[in-house]
Amino acid sequence: MTHRIDIWTDGACSGNPGPGGWGAIVVIDGAETELNGGERATTNNRMELMGAIAALESLPAGAHATLHTDSQYVKNGLTQWIHGWKTASREPVKNVDLWHRLDAAAKAHTVTWKWVKGHSGDPMNERADGLARAAIKALR
């Protein structure tokens, strides 16, 4: 049976670097699961990556999902730039540990990547942002 899976993710940082949080909402056939976490010393980009990683790693193997993110860094990084990074001999890629993890998590599924404009009233994106900010507050 194929499930309808939609995911919204976001990351936030208080200072960059500084304490950061990520949030994700995973909706499988209408049932919602909220995920979030944080780190005391991190960057916004790392938290954006972690939101997507955690959401994809939470899915059953072979899932078909649509992942909504307000991060061009995450969406374009995985769908376009990573191919060049794997073969390039230029400067080391920032957050390479998380890019490898996201690449593996995405390859375990069929993922459609959708960019949504951040802080523009998309209710699920706003909720994911709220989860990321709540994770930062929980670190204090």
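How many bridges join strand 1 to strand 4, and do the two run parallel or antiparallel? Five bridges join them, and they run parallel. Strand 4 covers residues 64-69. Two strands pair here if DSSP finds at least two bridges between them.

Some ground rules. This is a predicted model, in which local features need pLDDT of at least 70 and side-chain atom pairs count only at pLDDT 80 or more, while totals for chains, interfaces and linings use all residues. Residues are numbered from 1 along each chain as its sequence is written, and side-chain values use heavy atoms, with hydrogens and water left out. Helices (H or I, at least four residues) and strands (E, at least two) are DSSP runs, numbered from the N terminus.

Let's stay with strand 1. In the parallel pairing, Thr 9 stands opposite Thr 69 in strand 4. Strand 1 has another partner, strand 2, residues 18-28. Nine bridges join strand 1 and strand 2, and this pair runs antiparallel. Ile 7 has Val 26 of strand 2 as its bridge partner.

Is strand 1 buried or exposed? Nine of its nine residues, 5-13, are buried, so strand 1 is largely enclosed by the rest of the structure. Buried means under 20% relative accessible area, exposed over 50%, partly exposed in between, with a 1.4 Å probe and protein chains only. In a regular strand the side chains alternate between the two faces of the sheet. Here both faces are covered. On one side the buried residues are Ile 5, Ile 7, Thr 9, Gly 11 and Cys 13. On the other they are Asp 6, Trp 8, Asp 10 and Ala 12.

Now the turn. Strand 1 and strand 2 form a hairpin with four residues between them. Gly 15 sits in that turn, with a positive phi of about 90°. Pro 17 is in the loop between the two strands as well. A cis peptide bond joins Asn 16 and Pro 17, with omega about 15°.

Next, helix 4, residues 123-139. Which residue caps its N-terminal end? Asp 122 does: a side-chain oxygen lies 3.1 Å from the backbone nitrogen of Met 124. At 1.5 Å a residue, the 17 residues of helix 4 should span 24 Å. The end C-alpha atoms are 25 Å apart, which agrees. The expected span is 1.5 Å times one less than the number of residues.

Helix 4 has a buried side. The buried residues are Met 124, Asn 125, Ala 128, Asp 129, Leu 131, Ala 132, Ala 135, Ile 136 and Leu 139. They cover an arc of only 155° around the axis, which puts them on the same side of helix 4. The arc is that of the directions from the helix axis to the C-beta atoms. Turned away from that side are the exposed residues Pro 123, Lys 137 and Ala 138. What covers the buried residues includes strand 1, strand 2 and strand 3, residues 31-42.

One residue of helix 4 to pick out: Asp 129. It is buried, with a relative accessible area of 8%. Leaving aside neighbours within four places in sequence, Asp 129 is in contact (heavy atoms within 4.5 Å) with Asp 10 and His 119.

That leads to His 119. It lies in the loop between strand 5, residues 110-115, and helix 4. Its phi is near 55°, a positive value in a residue other than glycine. At 54% relative accessibility, His 119 counts as exposed. Asp 29 also has a positive phi, near 50°. It lies in the loop between strand 2 and strand 3. Asp 29 is partly exposed, at 44% relative accessible area.

On to helix 3, residues 96-107. Its buried residues are Leu 98, Trp 99, Leu 102, Asp 103, Ala 105 and Ala 106. They cover an arc of only 165° around the axis, which puts them on the same side of helix 3. The face turned away carries the exposed residues His 100 and Lys 107.

Last, the aromatics. Rings of Phe, Tyr and Trp (its six-membered ring) pair if their centres lie within 6.5 Å; planes under 30 degrees apart count as stacked, over 60 as edge-to-face and the rest as tilted. By this rule there is one aromatic pair. Tyr 73 and Trp 99 form it, edge-to-face, 5.1 Å centre to centre with 65° between the planes. The pair links distant parts of the chain: Tyr 73 in helix 2, residues 72-87, and Trp 99 in helix 3, 26 residues apart. Tyr 73 and Trp 99 are both buried.

Definitions and conventions:
A polar contact is a pair of N or O atoms within 3.5 Å; within protein, one must be able to donate a hydrogen and the other to accept it, and residues adjacent in sequence count only if both atoms are side-chain atoms.
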